[in-house]
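I opened the notebook to go through this fold piece by piece. Sheets come before pockets and rings in these entries.

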Amino acid sequence: MKRIQLLLPVLALLLAAAGCSQRYELNLPLALNRTEMRFDASGNSYYVLVYCQGDWTATLEKDVPWVSLSRSSGHGNSQIMVSADLNRGVSRGVVLTVRSGEFGAEIP
(Lines give C-alpha, C1' and ligand atoms only; values in the text may rest on other atoms or scores of the structure.)
Protein backbone atom coordinates (compact mmCIF):
# COMPACT_ATOMS: atom_id res chain seq x y z
CA MET A 1 0.00 0.00 0.00
CA LYS A 2 2.84 2.39 0.78
CA ARG A 3 4.32 1.71 -2.66
CA ILE A 4 1.11 2.84 -4.33
CA GLN A 5 1.03 6.00 -2.17
CA LEU A 6 4.60 6.81 -3.27
CA LEU A 7 4.03 5.84 -6.88
CA LEU A 8 0.97 8.07 -7.44
CA PRO A 9 2.74 11.43 -6.82
CA VAL A 10 5.70 10.35 -8.97
CA LEU A 11 3.35 9.29 -11.77
CA ALA A 12 1.46 12.61 -11.50
CA LEU A 13 4.72 14.57 -11.80
CA LEU A 14 5.80 12.57 -14.85
CA LEU A 15 2.45 13.15 -16.57
CA ALA A 16 2.56 16.87 -15.76
CA ALA A 17 6.09 17.18 -17.14
CA ALA A 18 5.13 15.32 -20.33
CA GLY A 19 2.08 17.57 -20.81
CA CYS A 20 4.18 20.74 -20.55
CA SER A 21 6.66 19.63 -23.18
CA GLN A 22 4.23 20.07 -26.07
CA ARG A 23 4.94 23.08 -28.25
CA TYR A 24 2.10 25.61 -28.46
CA GLU A 25 1.10 26.80 -31.92
CA LEU A 26 -1.33 29.59 -32.68
CA ASN A 27 -4.05 28.06 -34.84
CA LEU A 28 -5.95 30.97 -36.38
CA PRO A 29 -7.23 31.04 -39.95
CA LEU A 30 -6.71 34.85 -40.02
CA ALA A 31 -6.10 37.54 -37.39
CA LEU A 32 -4.57 41.03 -37.28
CA ASN A 33 -2.80 42.76 -34.39
CA ARG A 34 -4.75 46.02 -34.58
CA THR A 35 -8.34 47.16 -35.00
CA GLU A 36 -7.75 50.72 -36.17
CA MET A 37 -5.15 53.09 -37.58
CA ARG A 38 -5.22 56.85 -37.00
CA PHE A 39 -2.90 58.85 -39.21
CA ASP A 40 -1.98 62.35 -38.13
CA ALA A 41 -1.61 65.32 -40.50
CA SER A 42 2.17 64.89 -40.78
CA GLY A 43 1.76 61.37 -42.15
CA ASN A 44 3.02 58.29 -40.36
CA SER A 45 3.26 54.51 -40.65
CA TYR A 46 1.88 51.45 -38.88
CA TYR A 47 2.98 47.84 -38.92
CA VAL A 48 0.08 45.44 -39.26
CA LEU A 49 0.94 41.91 -38.16
CA VAL A 50 -0.92 39.22 -40.09
CA TYR A 51 -1.43 35.86 -38.38
CA CYS A 52 -2.54 33.33 -40.97
CA GLN A 53 -2.33 29.62 -41.77
CA GLY A 54 -2.24 30.03 -45.55
CA ASP A 55 -2.16 32.59 -48.36
CA TRP A 56 -3.56 36.07 -47.75
CA THR A 57 -4.14 39.30 -49.69
CA ALA A 58 -4.35 42.91 -48.51
CA THR A 59 -6.31 45.61 -50.34
CA LEU A 60 -7.56 49.12 -49.71
CA GLU A 61 -11.29 49.76 -50.10
CA LYS A 62 -10.51 52.34 -52.77
CA ASP A 63 -7.47 53.39 -54.72
CA VAL A 64 -6.01 56.41 -52.93
CA PRO A 65 -2.66 58.03 -53.78
CA TRP A 66 -1.83 58.99 -50.17
CA VAL A 67 -1.58 55.47 -48.65
CA SER A 68 0.90 52.77 -49.58
CA LEU A 69 1.27 49.14 -48.51
CA SER A 70 4.67 47.48 -48.28
CA ARG A 71 3.11 44.27 -49.62
CA SER A 72 -0.29 43.17 -50.83
CA SER A 73 -0.03 39.40 -50.39
CA GLY A 74 1.82 36.73 -48.49
CA HIS A 75 1.74 33.29 -46.94
CA GLY A 76 1.57 32.52 -43.23
CA ASN A 77 2.49 34.97 -40.49
CA SER A 78 3.90 38.22 -41.83
CA GLN A 79 3.69 41.99 -41.57
CA ILE A 80 2.53 44.90 -43.72
CA MET A 81 3.74 48.46 -43.34
CA VAL A 82 0.93 50.91 -44.04
CA SER A 83 2.23 54.43 -44.71
CA ALA A 84 0.28 57.65 -45.20
CA ASP A 85 1.55 60.83 -46.83
CA LEU A 86 1.36 64.32 -45.34
CA ASN A 87 -2.19 65.71 -45.22
CA ARG A 88 -2.65 69.45 -45.83
CA GLY A 89 -6.38 69.23 -46.47
CA VAL A 90 -9.57 67.84 -44.99
CA SER A 91 -9.79 64.68 -42.92
CA ARG A 92 -9.62 61.48 -44.95
CA GLY A 93 -9.90 57.74 -44.39
CA VAL A 94 -9.60 54.37 -46.05
CA VAL A 95 -10.23 50.78 -44.93
CA LEU A 96 -7.57 48.07 -45.17
CA THR A 97 -8.99 44.58 -45.83
CA VAL A 98 -6.98 41.39 -45.40
CA ARG A 99 -8.50 38.16 -46.75
CA SER A 100 -7.56 34.51 -46.60
CA GLY A 101 -10.02 32.17 -48.28
CA GLU A 102 -13.44 32.70 -46.72
CA PHE A 103 -12.03 34.72 -43.81
CA GLY A 104 -11.57 38.48 -43.78
CA ALA A 105 -10.53 41.24 -41.38
CA GLU A 106 -10.81 45.01 -41.76
CA ILE A 107 -8.98 47.93 -40.21
CA PRO A 108 -10.62 51.36 -40.65
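**Entry 1: the sheet with S5, S3, S7 and S8.** I traced an open sheet of 4 strands and read its order as S5-S3-S7-S8, with antiparallel pairing. I then looked for the edges. They are strand S5 (73–75) and strand S8 (103–107), and each pairs on one side only. The twist averages 20° from one strand to the next. I note here that I am working on a predicted model.

**Entry 2: S7 against S8.** How many bridges join strand S7 to S8? I found 5, with S7 covering residues 96–100 and the two strands running antiparallel. I looked up individual partners next. Arginine 99 has glycine 104 as its bridge partner in S8. Serine 100 is matched with phenylalanine 103 in S8. Then I went to the turn. The hairpin of S7 and S8 has 2 residues between the strands. Glycine 101 in this hairpin takes a positive phi near 60°.

**Entry 3: the sheet with S1, S2, S6 and S4.** I followed another open sheet of 4 strands, also with antiparallel pairing, in the order S1-S2-S6-S4. Strand S1 (30–32) and S4 stand at its edges. Each has a single partner strand, so one side of each lacks a neighbour in the sheet. Neighbouring strands here are turned by 20° against each other on average, direction ignored.

**Entry 4: S6 and its partners.** I wanted to know what flanks S6. Strand S2 (residues 45–52) is joined to S6 by 6 bridges, and the two run antiparallel. Serine 45 has its bridge partner in S6 at serine 83. Strand S4 (residues 67–69) pairs with S6 over 3 bridges, again in the antiparallel sense. There, leucine 69 is bridged to valine 82 of S6. Is S6 enclosed or open? Strand S6 spans residues 78–84, and 5 of its 7 residues are buried, so S6 is largely enclosed by the rest of the structure.

**Entry 5: the whole chain.** I stepped back for the inventory. The secondary structure comes to 1 helix and 8 strands. From the N terminus on, the elements run α-β-β-β-β-β-β-β-β. The protein has 108 residues, and 29% of them count as buried.

**Entry 6: the aromatic pair.** I searched for ring pairs and the count came to 1. Which rings form it, and at what angle? They belong to phenylalanine 39 and tyrosine 46, with centres 5.3 Å apart and planes at 70°. The cut-off for edge-to-face is over 60 degrees, so this pair is edge-to-face. I checked the exposure of both residues. Phenylalanine 39 has a relative accessible area of 26% and is partly exposed. Tyrosine 46 is at 18% relative accessibility and counts as buried. The limit for buried is under 20%.

**Entry 7: the largest pocket.** I asked how much space lies in the largest pocket. The value is about 320 Å³. It is lined by 20 residues, and the closest to its centre are Met37, Phe39, Trp66, Arg92 and Gly93. Phe39 is thus on my list a second time, after its ring pairing with tyrosine 46. I sorted the lining by class. It has 12 nonpolar, 4 polar and 4 charged residues.

Note on methods
Residues numbered from 1 in each chain as written. Predicted model: local features only at pLDDT ≥ 70, side-chain atom pairs only at ≥ 80, totals over all residues. Heavy atoms only, no water. Buried < 20%, exposed > 50% of the residue type's maximum accessible area, 1.4 Å probe, protein only. Pairing = 2+ DSSP bridges. 1 Å grid on protein atoms, 1.4 Å probe; cavity = no way out; pocket = protein on both sides within 12 Å on 5 of 7 lines; lining within 4 Å. Points joined across faces, edges and corners; volume = space filled by probe spheres on them. Nonpolar A, V, L, I, M, F, W, Y, C, P; charged D, E, K, R; others polar. Phe/Tyr/Trp six-rings, centres within 6.5 Å; stacked < 30°, edge-to-face > 60°. Axes fitted to C-alpha atoms, helices over the stretch in contact; angles between N-to-C directions.
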